[in-house]
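Reader: I am new to reading protein structures, and I would like some help. Could we go through one together, feature by feature?

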Amino acid sequence: MAEYEAVIGLETHIQLNTTTKIFCGCKADSWGDPPNTNICPVCSGLPGVLPVMNRAVVEKAVLLAKAMNSEIQTDSYFDRKNYFYPDLPKGYQITQNDQPIALGGYMELPLKDGSVRRVGITKLHMEEDAGKTKHEYGRRLVDFNRCGVPLVEMVTGPDLRSADEVADYLVRLRQLLRWLNISEADMEKGHLRADGNVSIRLKGETILNEKTEIKNVNSIESLRAAVEQEIARQIREVEAGNTIKAWTLDWDEDTQTLSKMRSKETMADYRYFKEPDLLVVHLDEEWKAEILADYPELPLARRERFIAEYELPEYDADILTSERSLSDYFETANKAYGGDPKRLSNWLMNDVMRLLNDQGIEAKELRITPDYLAEIIKLVDVNTVNTSTGKSLLEKVQESGKSPAEIVEAEGLAQVSDTDAIKEIAEKIVADNPDNVEKYRGGKDSLIGWFVGQVMRESRGKADPNAAREVLKELLER
Ligand SMILES: [Zn+2]
């Protein structure tokens with residue numbers, strides 16, 4: 001059988017996390033709100049109203065364009081895209097057609113084999129979302145809450161080669177969107193939507209064949225499954241001597257299958273023309289500089305720096321840069337700690353991240369500040385508390401918000417390294433357990449662990465286990 005390769009491009013819609021909608025003062029995010037509660041004459045398309053551009057939309061679009069290495073345009077324009085649908089009360093969508101906010105660009109995608117795929121970006125444009133229709137009780141209902149919600153549409157080149165690459169691209173994009181605080185990027189809530197354009201060709205060919213478009217997928221995993229199915233279907237069709245037609249395919253989440261929705265519309269159907277009610281979006285140097293003033297180091301660059309600067313393994317660097325507040329947390333704690341960064345990374349990845357997962361929060365919401373974490377590790381390093389007390393301190397600080405030192409003091413958690421105190425306890429244990437003493441002396445060395453455990457229990461976890469072991473050995477072997 002011939003060898004095929006897939007050629008995939010993505011059309012992504014990103015819902016910006018602005019407070020208000022793109023052309024009016026209504027609340028932008030209506031997730032969980034009752035239908036038609038965040039609407040006004042502007043976004044519900046009543047006659048005689050005028051849209052007013054929300055500056056925050058331009059600012060977030062510029063941040064995204066910069067992250068995508070796109071050419072940000074000084075002047076961009078809005079257009080009317082005319083079509084008739086019940087969820088579009090104006091009868092047209094305000095979008096950017098031929099003069100969008102940014103052109104070109106790329107995103108670098110690290111692949112599993114260690115190489116980097118450069119995924120081209122054709123253009124980025126700003127637009128308003130449409131509403132939503134649904135069938136209920138045998139009637140067609142319409143919700144305008146989403147009308148006028150700000151979106152950036154971003155189209156990639158046909159540069160992805162497998163369903164896995166599609167999923168990886170979306171994971172990276174989602175990370176970037178959250179990192180830059182542009183979008184919540186939650187696919188399940190429609191904050192990030194992705195339609196896939198899929199075609200196949202014989203490996204080594206450079207032509208682009210007819211493609212199909214996959215729509216209505218609401219998670220990264222589902223898009224991976226949908227693309228995989230579509231590649232397999234196209235190969236079957238071509239092998240059977242059939243040609244691929246430019247269909248639009250609808251993903252059904254319940255059955256996890258694709259079905260034909262319609263044959264594709266052509267561009268001319270929309271009768272675009274310039275939006276007469278909006279001015280040009282003019283991005284002068286001053287405004288652009290203001291927007292980019294706090295432009296942060298991006299996740300991949302920070303990952304490289306963590307490996308080089310702190311000598312962290314790639315695995316650690318990957319996890320610590322998965323989310324911006326976590327990587328900021330690491331750096332602040334590292335400064336406060338001043339010890340081995342890998343030791344700090346272990347505490348953070350094992351114990352602190354377990355807390356984050358259990359409580360479903362992000363690093364920036366922790367009551368254990370980076371300074372407190374550094375303080376706890378230092379208390380363990382100098383033997384003021386033992387490791388298990390140190391770990392329980394994490395939870396106590398998180399619960400109470402008090403400083404580790406304060407808790408150690410108030411609860412008397414400081415480790416007992418004083419040999420006399422430990423000896424007193426150890427002598428009692430030895431005296432009370434003649435049977436085990438005899439077994440130990442008869443050669444059952446492993447019992448030392450049991451004796452240390454008894455001392456730890458008797459001291460309510462405060463004894464220094466190493467000191468206890470030494471004292472016990474001395475008593476048992478005399
Ligand atoms: Zn409104």
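Reader: Which residue stands opposite leucine 151 in β11?

Author: Glutamine 15 stands opposite leucine 151 in β11. Two strands pair if DSSP finds at least two bridges between them. Strand β1 (residues 4-15) and strand β11 (residues 150-156) pair in the antiparallel sense, with five bridges. Before we go on, please note that this is a predicted model, where local features need pLDDT of at least 70 and side-chain atom pairs count only at pLDDT 80 or more, while totals for chains, interfaces and linings use all residues. Residues are numbered from 1 along each chain as its sequence is written, and side-chain values use heavy atoms, leaving out hydrogens and water.

Reader: Thanks! And how are the strand and helix names given?

Author: Helices (H or I, at least four residues) and strands (E, at least two) are DSSP runs, numbered from the N terminus.

Reader: How many bridges join β1 and β12?

Author: Eleven bridges link β1 with strand β12 (residues 192-202), again in the antiparallel sense. One pair to look for is threonine 12 with its bridge partner in β12, alanine 194.

Reader: Is β1 buried or exposed?

Author: Buried means under 20% relative accessible area, exposed over 50%, and partly exposed in between (1.4 Å probe, protein chains only). Twelve of the twelve residues of β1 are buried, so the strand is largely enclosed by the rest of the structure. Both of its faces are covered: Tyr4, Ala6, Ile8, Leu10, Thr12 and Ile14 lie on one side, with Glu5, Val7, Gly9, Glu11, His13 and Gln15 on the other.

Reader: What is the order of the strands in the three-stranded open sheet?

Author: The order is β5-β4-β16, with antiparallel pairing. The edge strands are β5 (92-95) and β16 (273-274), each pairing on one side only. Strand β4 (residues 79-82) pairs with β16 over two bridges and with β5 over four bridges. Arginine 80 is a good residue to click on: it stands opposite phenylalanine 273 in β16, and its bridge partner in β5 is isoleucine 94. In β5, Tyr92 and Ile94 point one way and Gln93 and Thr95 the other way, and all are buried.

Reader: Now helices, please. How do I describe two that pack together?

Author: Two packed helices are described by the angle between their axes and the distance between the axes. Axes are lines fitted to C-alpha atoms, for helices over the stretch in contact, and angles run from 0 to 180 degrees between N-to-C directions. Here, helix α2 (residues 163-179) and helix α5 (residues 299-310) pack at about 90 degrees, with their axes 10 Å apart. That makes α2 roughly perpendicular to α5; the label covers angles of 65 to 115 degrees, while those under 35 count as roughly parallel, those over 145 as roughly antiparallel and the rest as oblique.

Reader: Which residues in α2 meet α5?

Author: Contact means heavy atoms within 4.5 Å. Arg172, Gln175, Leu176 and Trp179 in α2 meet Pro299, Leu300 and Arg302 in α5. By class, this contact has four nonpolar, one polar and two charged residues. Ala, Val, Leu, Ile, Met, Phe, Trp, Tyr, Cys and Pro count as nonpolar, Asp, Glu, Lys and Arg as charged, and the others, Gly among them, as polar.

Reader: What span is expected for helix α9?

Author: The expected span of a helix is 1.5 Å times one less than its number of residues. Helix α9 (residues 370-381) has twelve residues, for which 16 Å is expected, and its reach of 17 Å from first C-alpha to last is close to that. Its buried residues are Pro370, Leu373, Ala374, Ile376, Ile377, Leu379 and Val380. Their cover includes α7 (324-337), α8 (341-359), α10 (387-400) and α11 (404-411).

Reader: What comes just after α9?

Author: Asparagine 383, with a positive phi of about 65 degrees, although it is not a glycine. Asparagine 383 lies in the loop between α9 and α10 and is partly exposed, with a relative accessible area of 40%.

Reader: Where is asparagine 36?

Author: Asparagine 36 sits in the loop between β1 and α1 (55-67). Asparagine 36 has a positive phi of about 55 degrees, though not a glycine, and is partly exposed at 31% relative accessible area.
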